[in-house]
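Me: I am new to this structure. Please show it, and then let us work through it in short questions and answers.

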Amino acid sequence: MKEVFMLKKFTVVLVIVVLFCATPLVAKEASVFDIGIINAYRITDIAALDYQAYVPSLRLQAYVAPWFGIAVGGTYDYLAYTDSVHRVYVSTDAVVRAPLGMFEPYLAIGPVFLLKFPNTVDPTPVAAYTYHARLGFDVYLNDWLAIGLEGDLLLPDVKNFVSSIAGATIDGTYFMDNVVAGIAIKEKF
């Protein structure tokens, strides 16, 4: 019985390795531009099974080299439990990717301009600057359409984040509150 279980595990691992090794064989040219719609939720909301706290994004990415590009995106976030009910994030990122054919992992880092709209009669935005980092991957479904998964870490206070990591005092609550995970659907050109 144990040998059958080990054979099944070996078969699954072998299939995964073959798929990753075969991916470059079906490699297409890397895209030079893409438009993405990201459907995301905060990790806190996923853990609480609160799927009404939806965080939609729209992103445009242009690549100056097969491995490097720039992105501009906008995200709308509705937070009923904070002092600011509506937030709009406008981000610009430097994107590094590895176009491996059908599979394309990426990392993006950049500044975020945060607009907070209070739920009052005066809709004057309160602006703030911060940074974020995105990590994810895309899987090409055909020559022009890809679907992917990504995580986006918002860093409200970079100095506090760096000092927390250096002192090993950062806790899981920070990541639960500041990481947004989502599914991206991208049209690639």
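Me: Where is confidence lowest in the protein, and where is it highest?
Reply: This is a predicted model: local features need pLDDT of at least 70, side-chain atom pairs count only at pLDDT 80 or more, and totals for chains, interfaces and linings use all residues. Residues are numbered from 1 along each chain as its sequence is written, and side-chain values use heavy atoms, with hydrogens and water left out. Here pLDDT is the predictor's confidence in each residue, from 0 to 100. The lowest confidence is in helix H1 (residues 2–22), at a mean of 59, and the highest, at 93, is in S2.

Me: What share of the residues score at least 70?
Reply: The average pLDDT of the protein is 80. The share scoring at least 70 is 74%.

Me: Which pattern does the protein follow along the sequence?
Reply: Helices (H or I, at least four residues) and strands (E, at least two) are DSSP runs, numbered from the N terminus. The protein has four helices and eight strands. Read along the sequence, the pattern is α-β-α-β-β-β-β-β-β-α-α-β.

Me: How many bridges join S2 to S3?
Reply: Two strands pair if DSSP finds at least two bridges between them. A hairpin joins S2 to S3 through two residues. In S3, Val72 is the bridge partner of Leu60. The strands run antiparallel, and the number of bridges is eight.

Me: Which residue in S2 does Ile37 stand opposite?
Reply: S1 and S2 are antiparallel and pair over nine bridges. Opposite Ile37 in S2 stands Leu58.

Me: Which residue takes a positive phi in the hairpin of S4 and S5?
Reply: Strand S4 (residues 86–97) pairs with strand S5 (residues 103–117) in the antiparallel sense, over ten bridges. Val88 has Leu115 as its bridge partner in S5. The hairpin has five residues between the strands. The residue with a positive phi near 90° is Gly101.

Me: What accessible area do the residues of the nonpolar patch have together?
Reply: Patches are made of residues with over 30% relative accessible area and no salt bridge; like charges are joined within 9 Å, nonpolar side chains (Val, Leu, Ile, Met, Phe, Trp, Tyr) within 5 Å. Areas come from the Shrake-Rupley method with a 1.4 Å probe, and for residues only the protein chains shown count as cover. Strand S1 (33–42) and strand S2 (54–65) each supply at least two residues of the patch. Ile35, Ile37, Leu58, Leu60 and Phe189 form this surface patch, and together their accessible area is about 440 Å².

Me: Why does Phe189 count as partly exposed?
Reply: Buried means under 20% relative accessible area, exposed over 50%, and partly exposed in between (1.4 Å probe, protein chains only). Phe189 is found in the segment after strand S8 (179–188). Phe189 is partly exposed because its relative accessible area is 48%.

Me: How far apart are the closest N and O atoms of Arg134 and Asp93?
Reply: A salt bridge is a side-chain nitrogen of Lys or Arg within 4 Å of a carboxyl oxygen of Asp or Glu. Arg134 is buried at 0% relative accessible area, and Asp93 is buried at 3%. Arg134 and Asp93 form a salt bridge, with a closest N to O distance of 3.1 Å.

Me: Which residue forms a salt bridge with Glu104 at 3.0 Å?
Reply: Arg97 also meets Glu104 in a salt bridge, at 3.3 Å from N to O. The 3.0 Å partner is in strand S8 and Glu104 in strand S5, so the pair ties together parts 84 residues apart in sequence. Both residues of this pair are buried. The partner of Glu104 is Lys188.

Me: Which residues are linked in a network of salt bridges?
Reply: The count of salt bridges comes to ten. The network links Asp34, Arg97, Glu104, Asp138, Lys186 and Lys188.

Me: Which side chain makes a polar contact with the side chain of Thr75?
Reply: A polar contact is a pair of N or O atoms within 3.5 Å; within protein, one must be able to donate a hydrogen and the other to accept it, and residues adjacent in sequence count only if both atoms are side-chain atoms. Thr75 lies in strand S3 (residues 68–78). Thr75 is buried, with a relative accessible area of 18%. At 2.7 Å, its contact is with the side chain of Ser57.
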